[in-house]
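Hi everyone, thanks for coming. I'd like to walk you through a structure that most of you haven't seen yet, so let's put it on the screen.

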Amino acid sequence: MSFFELDGLTKRFGGLVAVDDLSLSVDRGEIVGLIGPNGSGKSTVFNCTMSRYTVSDGSIHFDGDEITDLKTHEVVENGLARVSQESNPIDAMTVGANIKLFTLPNSVTSIRGGASDDEIFNYAARLDLEDKLHEQPDELPHADVRRLEVAKALATDPEMMLLDEPFAGMNQQEIDGLVEKFEELRDAGMTMIVVDHNMGGLMRLVDRVVVIHNGTKIAAGDPEAIAENDQVRRAYLGSSEAM
Ligand SMILES: Nc1ncnc2c1ncn2[C@@H]1O[C@H](COP(=O)(O)OP(=O)(O)OP(=O)(O)O)[C@@H](O)[C@H]1O
């Protein structure tokens, strides 16, 4: 069994089948790109994996355990973390305090515990945010807010990260910088699935690409082969996006 496996994953919203019998596996240390036109089901795959949505059919395994029906905090405790499309830092707290929040024990009553200042510094430093620990998120440029979201996810000490549009809204220099950070995380052993519409950043980073369209896998392969794949091109041509 692979490190991470979706087997026949299906998610229905009433009559709409958002993810349709999708199987996908990721090996430890791999970075897999999950791409597809708008509405093809990418975020739904992440939401099912993190138990934000209940799965209609199929199963999800991570590191040898079935995690399909766990609660979200149990999925996180198992070593999976997700960076959402939307940033949601708490603006009334500093960058450091926002990161620390993700290191607290999982209890609404816990006000003690969590990572030390040194540990918080190290999580921030992995995203080049160590000089911004005392700033408030609403004082930061967009790219720093997005990197803060990655640092928050890292603070749960995951073995695998699901990254939903990490490059959105970034300029080329910022994308290059973030690609470098993800490569450093990979070198330290992190496994990742990355969803993004920025093909330049994504294709450079990933080992393998899985393409979904209408919730179904239509292609999988290395980035070069996927860029040349006619079925993939047609799927994107049928949507309003360019590949
Ligand atoms: N909570 C929900 N309730 C009803 N329908 C939903 C829900 N979440 C997603 N969908 C539908 O499921 C389909 C897949 O949506 P999803 O957001 O997973 O696509 P996506 O590939 O992530 O799109 P994008 O690239 O635009 O983020 C869409 O038709 C969407 O409208």
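I'll go from the overall outline to the domains, then the sheet, and finish at the ligand.

One thing up front: what you're looking at is a predicted model. Okay, the outline. Along the principal axes, the C-alpha atoms of the chain fill a box of roughly 50 × 40 × 35 Å. The radius of gyration is 18 Å, and that agrees with the value near 18 Å that a compact globule of 243 residues would have. As for secondary structure, the chain has nine helices and 10 strands.

Now, how is the chain divided up? The domain assignment gives domain 1 as 1–77 + 162–171 + 193–243, and domain 2 as 80–157. Their centres, taken over C-alpha atoms, are 25 Å apart. Where the two touch, domain 1 puts in 16 residues and domain 2 puts in 12. On the domain 1 side, α1, α2 (72–77) and β7 (160–164) each supply at least two of those residues. If you sort that side of domain 1 by class, you get 10 nonpolar, four polar and two charged residues.

Keep α1 in mind, and let's look at a sheet. There's an open one with four strands, in the order β2-β1-β4-β5, and the pairing is antiparallel. Which strands stand at the edges? Those are β2 and β5 (65–66); each has a single partner strand, so one side of each is left without a neighbour in the sheet. Further in, β1, residues 4–13, pairs with β4, residues 57–62, through five bridges in the antiparallel sense. If you want a spot to click on, take Thr10: its bridge partner in β4 is Asp57.

And here's α1 again. This helix lies across β1, β2 and β4, and runs at about 70° to β2.

Last stop, the ligand. Which residues are around it? We've got Phe13, Leu16 and Ala18, then Gly36, and then Asn38, Gly39, Ser40, Gly41, Lys42, Ser43 and Thr44. The elements that give two or more residues to this shell are β2 (16–26) and α1 (42–49). The largest share, three residues, comes from α1. By class, the shell has seven polar residues, three nonpolar ones and one charged one.

So if you take one element home, make it α1: it lies across strands of the sheet, supplies residues to the side of domain 1 that touches domain 2, and gives the largest share of the shell around the ligand. That's my tour, thanks for listening!

Technical notes: Residues numbered from 1 in each chain as written. Predicted model: local features only at pLDDT ≥ 70, side-chain atom pairs only at ≥ 80, totals over all residues. Near = placed C-beta within 6 Å. Nonpolar A, V, L, I, M, F, W, Y, C, P; charged D, E, K, R; others polar. Pairing = 2+ DSSP bridges. Contact = placed C-beta atoms within 7 Å. Axes fitted to C-alpha atoms, helices over the stretch in contact; angles between N-to-C directions. Domains from an automatic or database assignment. Rg over C-alpha atoms; globule rule 2.2 N^0.38 Å.
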